[in-house]
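Here's a quick briefing to read alongside the model. Have a look at the fold, then work through the points below.

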Amino acid sequence: MKHEVLVLGAGIVGTCTALHLVLRGHSVTLVDRREPGAETSYGNAGLIQREAIEPVAFPRDFPTLSRAALKRGAKISYHLDALPGTAPELARYWKNSRPTAYARIAQVHARLIAHCLSEHEALIDRAGARELVARNGFRFVYRQQATMERAIARAQRLAREGGVRHAVEDPEALAAAEPALKLRLAGAVHWLDPWSVNNPGELVKRYAALFAQLGGRFVKGDAASLRQTETGWRVRTVDGEIDGEHAVLALGPWSKEVVRAQGYRLPLFAIRGYHRHYRGGEAPRTPMLDADGGFMLSPMQQGVRITTGAEFARMNARSTPVQLGRAERLARELLDLPEAVEQDPWRGARPCSADMLPLVGPAPRHRGLWFNFGHAHQGFTLGPVSGRLLAEMIDGSEPVVDPWPYAPARFG
Ligand SMILES: Cc1cc2nc3c(=O)[nH]c(=O)nc-3n(C[C@H](O)[C@H](O)[C@H](O)COP(=O)(O)OP(=O)(O)OC[C@H]3O[C@@H](n4cnc5c(N)ncnc54)[C@H](O)[C@@H]3O)c2cc1C
């Protein structure tokens, strides 16, 4: 049976959900207040992280926590006034980061990650977007010998447990692989499987163009106007009110507010991050994470993009890009970055859940309402597979992975 479906939110997750629904013959309207791929899915580091079989846990070691508490370094920062509001979610995140709980969560996370390359590839090919994608992995680079050694041990464990491929590079091998590096580093772990995209927002736009080419409709509108009707769901758009038998909420870090209006209190929170582009120097050949510094450097069409670590703050609180300032100073030790492209840094927010897993599946108490959000640090990676999974649930076809562990109902 074919359905009329409203998909609210045209980031990587909503756009891929809409695309998979039209590919299965459904009639789909994709709604966003902006153009597709203009928010979080624009500003990320562009990595399709096949190596990320373990999600990003809450740090539990004393040196990282004390540096974070003192707001030192570029990895973690916070607004004090945001902590009471997110304390219950952060406490659950902390609890879920304990070794036993984390091992179970990582297993479930890995099942989605396993499909990230093949699911992106199918869409990249159909969308004619191959030139945006590099298939040569990315590097974690290390300044200190001690952290390098711990990283090698972890990479070996992930290779054993999850089949993730890597190469260890000593200082000479790293310098030869990345001639733009000015500083002699302790070495690198080169993850060989991941891909990188040199304009993530553009990739989402290509997926949205493919969706339109296949008969999908994109229209600007406000997801907050979503109402249940006798036959399904209704949303207000610039083309008037549009009805659907089903509605999918894929609003990334804005999902919490909209689901709350439908009566759901879910343990969601946002981890903010910043980026800025730099031009004029030699770019790295592959993206690199300065693991000791706590920031990413990605060669993008706009220049070298520095993206920052975690900032715990209210979604709409003013920008405080202190981590970007620190990252920029550290990055200039590594590369020539003469000219900042933008005057003001870009700011976005990773949509996180207390158990580090996305919510993909039916809303527990509303017929025809579906969720697809909470992809945290790996939403750009997971958009196509979780879009496919949700489309298959609506379609009633065999799902690509067992959907049960991602069911929103796990939160009651
Ligand atoms: C600094 C940084 C670096 C990152 N690096 C990576 C990476 O390298 N690899 C990776 O896999 N992930 C990365 N991520 C995470 C990834 O970017 C996100 O998980 C992902 O983009 C989330 O996609 P989404 O579609 O859920 O949300 P979004 O892309 O934010 O899309 C949500 C959409 O909802 C729309 N919307 C919101 N409210 C309304 C409303 N009321 N009405 C209508 N529309 C509305 C917005 O306009 C937006 O288009 C990074 C994130 C950050 C912040």
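Which element gives the most to the shell around the ligand? That's β10, with four residues. Keep in mind that this is a predicted model. The notes start at the ligand, move on to the strands and finish with the cysteines.

**Around the ligand**

- The ligand has 32 residues around it, and the closest are D32, T40, S41, A376 and T381.
- Sorted by class, the shell around the ligand comes out as 14 nonpolar, 13 polar and five charged residues.
- Some of the contacts go through the protein backbone: a backbone N or O atom of A376 sits 2.7 Å from an oxygen atom of the ligand.
- For H377, a polar backbone atom is 2.9 Å from a nitrogen atom of the ligand.
- R33 also takes part through its backbone, with an N or O atom 3.2 Å from a ligand nitrogen.
- On its own the ligand would expose 1,000 Å², and the protein buries 98% of that.
- Two or more shell residues come from each of α1 (12-23), α2 (40-43), β10 (217-228), β20 (346-353) and α12 (379-395).

**Strand β14 and its partners**

- How many of the twelve residues of β14 are buried? Eleven are, so this strand (residues 268-279) is largely enclosed by the rest of the structure.
- β14 runs antiparallel to β20, and eight bridges join the two. Within that pairing, R272 stands opposite A349 of β20. β20 is also one of the elements that give two or more residues to the ligand shell.
- β14 pairs with β17 (residues 303-308) as well, again in the antiparallel sense, over four bridges. Here Y278 of β14 faces V304 in β17.
- A further antiparallel pairing links β14 with β19 (residues 339-340) over two bridges. R279 is the residue opposite E339 in β19.
- As background for reading the side chains off a pairing like these, in a regular strand they alternate between the two faces of the sheet.

**A three-stranded open sheet**

- Elsewhere, three strands make an open sheet with antiparallel pairing, in the order β3-β9-β5.
- Why is one side of β3 and of β5 left without a neighbour in the sheet? Both β3 (47-48) and β5 (133-134) stand at the edges and have a single partner strand each, so one side of each goes unpaired there.
- β3 is joined to β9 (residues 195-197) by two bridges, with the strands running antiparallel. In this pairing, L47 has S196 of β9 as its bridge partner.

**Cysteines**

- How many disulfides does the model have? The count comes to zero.
- C16 is in no disulfide, and its nearest cysteine sulfur, that of C116, is 12 Å away. C16 is also buried, at a relative accessible area of 0%.
- C352 has its closest cysteine sulfur in C116 too, at 18 Å, which is too far for a bond. With 4% relative accessibility, C352 counts as buried.
- By way of reminder, a disulfide is a covalent bond between the sulfur atoms of two cysteines.

Conventions. Residues numbered from 1 in each chain as written. Predicted model: local features only at pLDDT ≥ 70, side-chain atom pairs only at ≥ 80, totals over all residues. Heavy atoms only, no water. Near = heavy atom within 4 Å. Polar contact = N/O pair within 3.5 Å; in protein donor to acceptor, adjacent residues only side chain to side chain. Areas by Shrake-Rupley, 256 points an atom, 1.4 Å probe, with all protein chains shown as cover. Nonpolar A, V, L, I, M, F, W, Y, C, P; charged D, E, K, R; others polar. Buried < 20%, exposed > 50% of the residue type's maximum accessible area, 1.4 Å probe, protein only. Pairing = 2+ DSSP bridges. Disulfide = S-S within 2.5 Å.
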